[in-house]
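Here are a few short exercises to work through with the model open in your viewer. Try each task before you read its solution.

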Amino acid sequence: SVLTGNFSEQLAPYLPNFNHSPTEARFIGKPIDFIIFEGMDQKEIQKVVFVEVKSGKSTLSAVERSLRDAVKDGKVEWETYHPPEPK
């Protein structure tokens, strides 16, 4: 069942009832399965959605729950990193 779950996770964007465009989905795997960039196909992202795929009776892990709660609490930031220039 673990192998089936792992397989379903990566195929989820192409399965029926997946609510997002597969081309806007990026598989991450851990701690969340997908990040969806809604509007990316039109080159203007309107929303970012975190998606965790669960099969059967599986539930969120403690880490997945903490990520869900951080997102719901608005604890999400944007950061740009500029690596040091070579000398």
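**Exercise 1. Charges**

Task: Work out how far apart the mean positions of the positive and negative charges of the chain are.

Solution: Start with the counts: the chain carries 11 positive and 13 negative charges. Then take the mean position of each set; the two lie 6 Å apart. Keep in mind that this is a predicted model, and that His and the chain ends are not counted here.

**Exercise 2. Fold and overall dimensions**

Task: Describe the order of the elements, then set the radius of gyration of the chain against that of a compact globule.

Solution: First, list the elements: there are two helices and three strands. Reading from the N terminus, they come in the order α-β-β-β-α. Next, the dimensions. A compact globule of 87 residues would come out near 12 Å in radius of gyration, while the chain has 16 Å. Along the principal axes, the C-alpha atoms take up a box of roughly 50 × 30 × 30 Å. Now look at burial and contacts: 23% of the 87 residues count as buried. If you take the contacts between residues at least 6 apart in sequence, 16% of them link residues at least 24 apart. Finally, the accessible surface is about 7200 Å², and carbon and sulfur atoms account for 56% of it.

**Exercise 3. Backbone oddities in the loops**

Task: Find out where Pro-31 sits and what the peptide bond leading into Pro-31 looks like. Then check phi for Asn-17 and Lys-43.

Solution: Go to the loop between strand E1 (25-27) and strand E2 (34-38), and you'll find Pro-31 there. Check omega from Lys-30 to Pro-31: the value is near 0°, so the bond is cis.

Move on to Asn-17, in the loop between helix H1 (2-11) and E1. Asn-17 isn't a glycine, yet its phi is positive, near 70°. Is Asn-17 buried or exposed? The cut-off for exposed is over 50%, and Asn-17 has 75% relative accessibility, so it counts as exposed.

Lys-43 belongs to the loop between E2 and strand E3 (47-51). Its phi is also positive, near 65°, again in a residue other than glycine. With 78% relative accessibility, Lys-43 counts as exposed.

**Exercise 4. Two glutamates**

Task: Place Glu-38 and Glu-64 in their elements, and list what each one touches.

Solution: Take Glu-38, which is part of strand E2. Its relative accessibility is 22%, so Glu-38 counts as partly exposed. Skip residues up to four places away in sequence, and Glu-38 touches His-20, Glu-24, Glu-44, Ile-45, Gln-46, Lys-47 and Val-49. Zoom in on His-20: its side chain and that of Glu-38 make a polar contact of 3.0 Å. As a distance check, try Tyr-14: from Glu-38 it is 24 residues away in sequence and 16 Å away in space, C-alpha to C-alpha.

Now for Glu-64, which lies in helix H2 (residues 62-72). Which label fits Glu-64, buried or exposed? Under 20% means buried, and Glu-64 has a relative accessible area of 10%, so it is buried. Leaving out neighbours within four places in sequence, the contacts of Glu-64 are Pro-31, Glu-52, Lys-54 and Thr-59. One of these, Pro-31, takes you back to the cis peptide bond of Exercise 3.

How values were computed: Residues numbered from 1 in each chain as written. Predicted model: local features only at pLDDT ≥ 70, side-chain atom pairs only at ≥ 80, totals over all residues. Heavy atoms only, no water. Helix = DSSP H or I, 4+ residues; strand = E, 2+ residues; numbered from the N terminus. Rg over C-alpha atoms; globule rule 2.2 N^0.38 Å. Buried < 20%, exposed > 50% of the residue type's maximum accessible area, 1.4 Å probe, protein only. Contact = heavy atoms within 4.5 Å. Areas by Shrake-Rupley, 256 points an atom, 1.4 Å probe, with all protein chains shown as cover. Charge placed at Lys NZ, Arg CZ, Asp CG, Glu CD. Polar contact = N/O pair within 3.5 Å; in protein donor to acceptor, adjacent residues only side chain to side chain.
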